[in-house]
2 protein chains.
Amino acid sequence: MVNCERIVKIICRRGEFVYTQEEKENFMRKALKEAKKAKAIDEVPIGAVIVKDGEVIARGYNQRETTNRAITHAEILAIDEANRLINNWRLEECALFVTVEPCVMCSGAIVLSRIPYVYYGASDYKGGTAGTLMNLLEEPQFNHQSHVEAGILKEECSEMLSSFFRELRERRKHHK
Amino acid sequence: MVNCERIVKIICRRGEFVYTQEEKENFMRKALKEAKKAKAIDEVPIGAVIVKDGEVIARGYNQRETTNRAITHAEILAIDEANRLINNWRLEECALFVTVEPCVMCSGAIVLSRIPYVYYGASDYKGGTAGTLMNLLEEPQFNHQSHVEAGILKEECSEMLSSFFRELRERRKHHK
């Protein structure tokens, strides 16, 4: 027997997440704003926002070197803020926008918090686990899979990273 | 040319982690003690400890339902405590003991914090990513691999979990 209620629920849920390209880019710009906060404190510039009902409800930016805590990646901080805000570890009605492809830890936190939609900008060829080295977000063995869309404001997100590393190399050269 | 310094460093580091079976079981008993704290507050009983120089320096137990925060798994809490304690996100001189096989998020946090030795008790057939569904801790594509040993106090660790779920089912039956 076809479970109509479930199908309607899925259609409705998908409907909530059908963002236009303009909307996706607007949310990614907010994630880029977070990445700039990381850059301002000399951290690898990666930023993330979590969106619910069309509004940004939580933000995060990479601050691992500043805090000396391995878990302080942009996505983890945003997920934790969203969990605290809605007082629920399940973020089933949220979408995550992050400037760079999630690493293994952040992909895990996305799966664990059951975020259904993940949008990222630049691919991470060294550690990305949302389509590059592997795809943990769409792994059928887990009890949750996210829909992943890569390449939102790809150029801006990539340039944010590459200019950071370029400047770092130049500064190091001058200090020699 | 053979890099002698690196080889000596590796041998020395390995030396630090050659625990006897008795030592491993003692550390796992401390992780089980943490798991009991989770059970006492009706959380899935999983516990973890981080060991450095033969001493437990950080502890954690699962408290996801209590905190409503997806990241509050035993391993993440122990890693974060260890990072704060030694003021370093790298836990390269530490070993992690956890009663149940790490999930995708915790495996990621182990990789990100570069813990070289991971010992676990019971396997997790639904979500374990340290040898069961996959092995993210020994994944050659990542920039860090941990040595993994499974099955330390396996029976006690499994029984801790199964008795919790048995009691939960019984309680639910009585409440019907």
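Visitor: Where is A:Cys106 found?

Guide: Keep in mind that this is a predicted model. In it, A:Cys106 belongs to helix H5 of chain A.

Visitor: How do I read whether A:Cys106 is buried or exposed?

Guide: Count the C-beta atoms around it: with 20 or more others within 10 Å, a residue is called buried. A:Cys106 has 34 other C-beta atoms within 10 Å, so it is buried. Setting aside neighbours within four places in sequence, A:Cys106 is in contact with A:His73, A:Glu75 and A:Ile76.

Visitor: Which residues does the "binding site" annotation cover?

Guide: A:His73, A:Cys103 and A:Cys106, according to an unreviewed UniProt entry. They are spread over 34 residues of sequence, yet they cluster in space, with a largest C-alpha distance of 9.3 Å.

Visitor: And where is A:His73 found?

Guide: Look in the loop between helix H3 (64-67) and H4 of chain A. A:His73 is buried too, with 28 other C-beta atoms within 10 Å. Its contacts, leaving aside neighbours within four places in sequence, are A:Asn62, A:Arg64, A:Cys103, A:Met105 and A:Cys106.

Visitor: Which residue does the "active site" annotation cover?

Guide: That one is A:Glu75, again from an unreviewed UniProt entry. You'll find A:Glu75 in helix H4 (residues 74-86) of chain A. Because 31 other C-beta atoms lie within 10 Å of it, A:Glu75 counts as buried. Not counting residues up to four places away in sequence, A:Glu75 touches eight listed partners, among them A:Ala48, A:Gly60, A:Cys106 and A:Ile110.

Visitor: Can you show me a contrast? Is A:Glu167 buried or exposed?

Guide: Exposed, because A:Glu167 has just 12 other C-beta atoms within 10 Å, and 12 or fewer is the cut-off for that word. A:Glu167 sits in helix H6 of chain A. From A:Glu167 to A:Gly54 you go 113 residues in sequence and 36 Å in space, C-alpha to C-alpha.

Visitor: What does helix H6 lie across?

Guide: Helix H6 (residues 154-175) of chain A crosses strand E3 (94-100) and strand E4 (117-122), and it runs at about 60° to E4(A).

Visitor: How should I read the sheet, then?

Guide: Here's the general idea: strands of a sheet pair through backbone hydrogen bonds, either parallel or antiparallel. In chain A, five strands form an open sheet in the order E2-E1-E3-E4-E5, with mixed pairing. Strand E2 (55-61) and strand E5 (147-150) are the edges, each pairing on one side only. On average, neighbouring strands of this sheet are turned by 20° against each other, direction ignored.

Visitor: How many bridges join strand E1 to E2(A)?

Guide: Six, and strand E1 (residues 47-52) runs antiparallel to E2(A). For one facing pair, look at A:Ile50, which stands opposite A:Ala58 in E2(A).

Visitor: How do I read the meeting of the two chains?

Guide: Begin with who touches whom: 29 residues of chain A are in contact with 29 residues of chain B. H4 and helix H5 (104-112) each supply at least two residues of chain A's side, and H5(A) gives the most, with seven. By class, that side has 14 nonpolar, ten polar and five charged residues.

Visitor: What turn lays chain A on chain B?

Guide: A turn of 180°, with a shift of 0.0 Å along the axis and an RMSD of 0.0 Å. That is the relation of a two-fold axis. The same surface serves both copies, since 100% of the contact residues of chain A recur in chain B. Among the residues of chain A, A:Met105 comes closest to the rotation axis, its C-alpha being at 2.5 Å.

How values were computed
Residues numbered from 1 in each chain as written. Chains lettered and ligands numbered in written order. Predicted model: local features only at pLDDT ≥ 70, side-chain atom pairs only at ≥ 80, totals over all residues. Least-squares fit on C-alpha atoms with pLDDT ≥ 70 in both. Contact = placed C-beta atoms within 7 Å. UniProt positions renumbered as here; feature names shortened; annotations may be inferred. Helix = DSSP H or I, 4+ residues; strand = E, 2+ residues; numbered from the N terminus. Pairing = 2+ DSSP bridges. Axes fitted to C-alpha atoms, helices over the stretch in contact; angles between N-to-C directions. Nonpolar A, V, L, I, M, F, W, Y, C, P; charged D, E, K, R; others polar.
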